[in-house]
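Student: Before I trust any label, I want to see the value behind it. Can we go through this model that way?

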Amino acid sequence: MSNKPSIPQGTRDFSADVIRKRNHILATIKTVFELYGFQPLETPAFENLETLMGKYGEEGDKLIFKILNNGLNDPKNIDKAKNGFEKVLEGKNSVDVTERALKYDLTIPFARYVAMNHTKLTFPFRRYQVQPVWRADKPQRGRYREFTQCDADVVGSHSLMNDAEFALIYDEVFNRLGLKGYELRINSRKILSALAQACNASGKLTDITVAIDKLDKIGIEKVKAELVARGLTEGQVSIVEKYISIDGSNTEKIGELTALIGHIEESGAGLTEIKKVLAHTEGKNVIVDFTLARGLNYYTGIIYEAKAPANVQMGSIGGGGRYDDLTGLFGVNGIPGVGISFGVDRIYDVLEELQLFPADLQVSTKALFFNMGEKESAVAFDVMQRLRKAGVACEMYHKEESKIAKQFNYAEKKNIPFAVIIGSKEMEQQRCQVKDLATGQQKELAFEDLAAFFNSNEGLPK
């Protein structure tokens, strides 16, 4: 075993510069959420396994991180643990081995929260949530085993105005972040259900959506092969092929779909949802995409998937949809909902690649007080505390009488924009030298004028 420290695959440490960039993204998203009337919520890092299993589709359930029960090596639990592990090896779950799991997303825990608290909540209930989630996925660029989700949901309302608002929230956030070339793709699960009915294969809806959801990854021929493997006939696969081949403008796509499966009542309901979103997002980057399936079983209406600008090789950077009976999974029926999620980690990668982070994000400490000796540093410390009370972030170099060059070098490495120097002469005059490290300009200021200078956000003239 190597003694070299490491972290698990698919996880990351975050340095200060990365955290500031992530905070920029999160602050932008939270600001827009609150602009639309959403309130914050947090749920536990792990849930009971039964809360999560069976909610994410066939592929999703495989990616849930299960937590081993405590006390498996206790003599009284060994036989049960052995039997439980045998079930696990057969691909089954066993409460004798694991009763809890790390949360896979924020939506199902939110539905559980609403089911537990529905008698206390005021509906429609609008919440946003920013927390890490975990998936036992294969790590690759833009895909991690631990990552942060940023969700917003409205529950307790059937109004399609909420569905349209979420499209506008995506647009507002991405424009504030500078992602002008993003795409928001939309579809409706009702249309996918109508497709299954048109194929006379309503019982195969999950098989059809799981296969279609892989279209971008495996291509149309492999999707057709998977549909056959899942039990669809050649005629049924032919209808699905015509469906996923629909192309053109939003209007043209709607026309083609109507010609193919417009005779199915549910397709009309799905198109009503899509048209409502389009009516409120004219001029936005909203694209109707009937191949969008999002392989999560709980969606019942509109579904969204946000894509990065085409010049960045990245998967989805957000997604969501309507789920009109998600709390029914927990015994509380009749509470409709719709929600979206932002993929913070992928958005970070996209902004980094496109160099869209503001340049001033890395400034934390605004001024470094040079350490010119014991007496001088005592005076400087008092001045520094007064600045901090005025809201100016500052610090003092840690060693007395260190070489000036070393202190300048320290400020440069930490990206500190100003140096404040109080020598014996300045100490007597109650003044200090302030140097702008970006321009090299220097100015003498009285101690009492320092706070006003730094809070003015103006540098020294060149």
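Student: How do you know that β5 and β6 pair, and in which sense?

Tutor: Two strands pair if DSSP finds at least two bridges between them. Strand β5 (residues 125-134) and β6 have ten bridges, in the antiparallel sense. So they count as paired. Trp 134 stands opposite Glu 146 in β6.

Student: What is the origin of the model, and how are residues numbered?

Tutor: The model is predicted: local features need pLDDT of at least 70, side-chain atom pairs count only at pLDDT 80 or more, and totals for chains, interfaces and linings use all residues. Residues are numbered from 1 along each chain as its sequence is written, and side-chain values use heavy atoms, with hydrogens and water left out.

Student: Which strand besides β5 pairs with β6, and over how many bridges?

Tutor: Strand β11 (residues 337-343) pairs with β6 in the antiparallel sense over seven bridges. One bridge partner is Ser 341 in β11, which matches Asp 151.

Student: What makes β6 mostly covered?

Tutor: Buried means under 20% relative accessible area, exposed over 50%, and partly exposed in between (1.4 Å probe, protein chains only). In β6 (residues 146-155), nine of the ten residues are buried.

Student: Why is Arg 12 called partly exposed?

Tutor: Its relative accessible area is 25%. That falls between 20% and 50%, so partly exposed is the right label. Arg 12 lies in the segment before α1 (16-35). Helices (H or I, at least four residues) and strands (E, at least two) are DSSP runs, numbered from the N terminus.

Student: What does Arg 12 touch?

Tutor: Contact means heavy atoms within 4.5 Å. Not counting residues up to four places away in sequence, Arg 12 touches Ile 7, Arg 22, Tyr 144, Glu 146, Phe 147 and Asp 345.

Student: What makes the pair Arg 12 and Asp 345 a polar contact?

Tutor: A polar contact is a pair of N or O atoms within 3.5 Å; within protein, one must be able to donate a hydrogen and the other to accept it, and residues adjacent in sequence count only if both atoms are side-chain atoms. The side chains of Arg 12 and Asp 345 come to 2.7 Å, so the pair qualifies. The Arg 12 side chain also reaches the backbone oxygen of Glu 146 at 3.2 Å.

Student: Is Asp 436 buried or exposed, and how do you know?

Tutor: Buried. Its relative accessibility is 6%, so it falls under the 20% limit. Asp 436 lies in strand β15. Its side chain has a polar atom 2.9 Å from the backbone nitrogen of Ala 438. The same side chain reaches the backbone nitrogen of Thr 439 at 3.3 Å.

Student: Which sheet includes β15, and what is its strand order?

Tutor: An open sheet of five strands, in the order β13-β12-β14-β15-β16, with mixed pairing. Strands β13 (394-396) and β16 (442-446) each have a single partner strand, so they stand at the edges, with one side left without a neighbour in the sheet.

Student: Where is a parallel pair in that sheet?

Tutor: Strands β12 (residues 367-369) and β14 (residues 418-421) run parallel, joined by three bridges. Leu 368 stands opposite Ala 419 in β14.

Student: What makes α8 largely enclosed?

Tutor: Six of its eight residues are buried, so the rest of the structure largely encloses it. Among them are Asp 207, Ile 208 and Thr 209. Their cover includes α7, α9 (215-229) and α10 (234-244).

Student: Why is Gly 203 called exposed?

Tutor: Its relative accessibility is 77%, over the 50% limit, so it counts as exposed. Gly 203 sits in the loop between α7 (189-198) and α8 (205-212).

Student: How many helices and strands does the protein chain have, and why is it called more spread out than a compact globule?

Tutor: The chain has 17 helices and 16 strands. The globule rule is 2.2 Å times the number of residues to the power 0.38, and the radius of gyration is taken over C-alpha atoms. For 462 residues the rule gives 23 Å; the chain has 28 Å, well over that, so it is more spread out than a compact globule. The C-alpha trace spans about 90 × 65 × 45 Å along its principal axes. Of the 462 residues, 48% count as buried.
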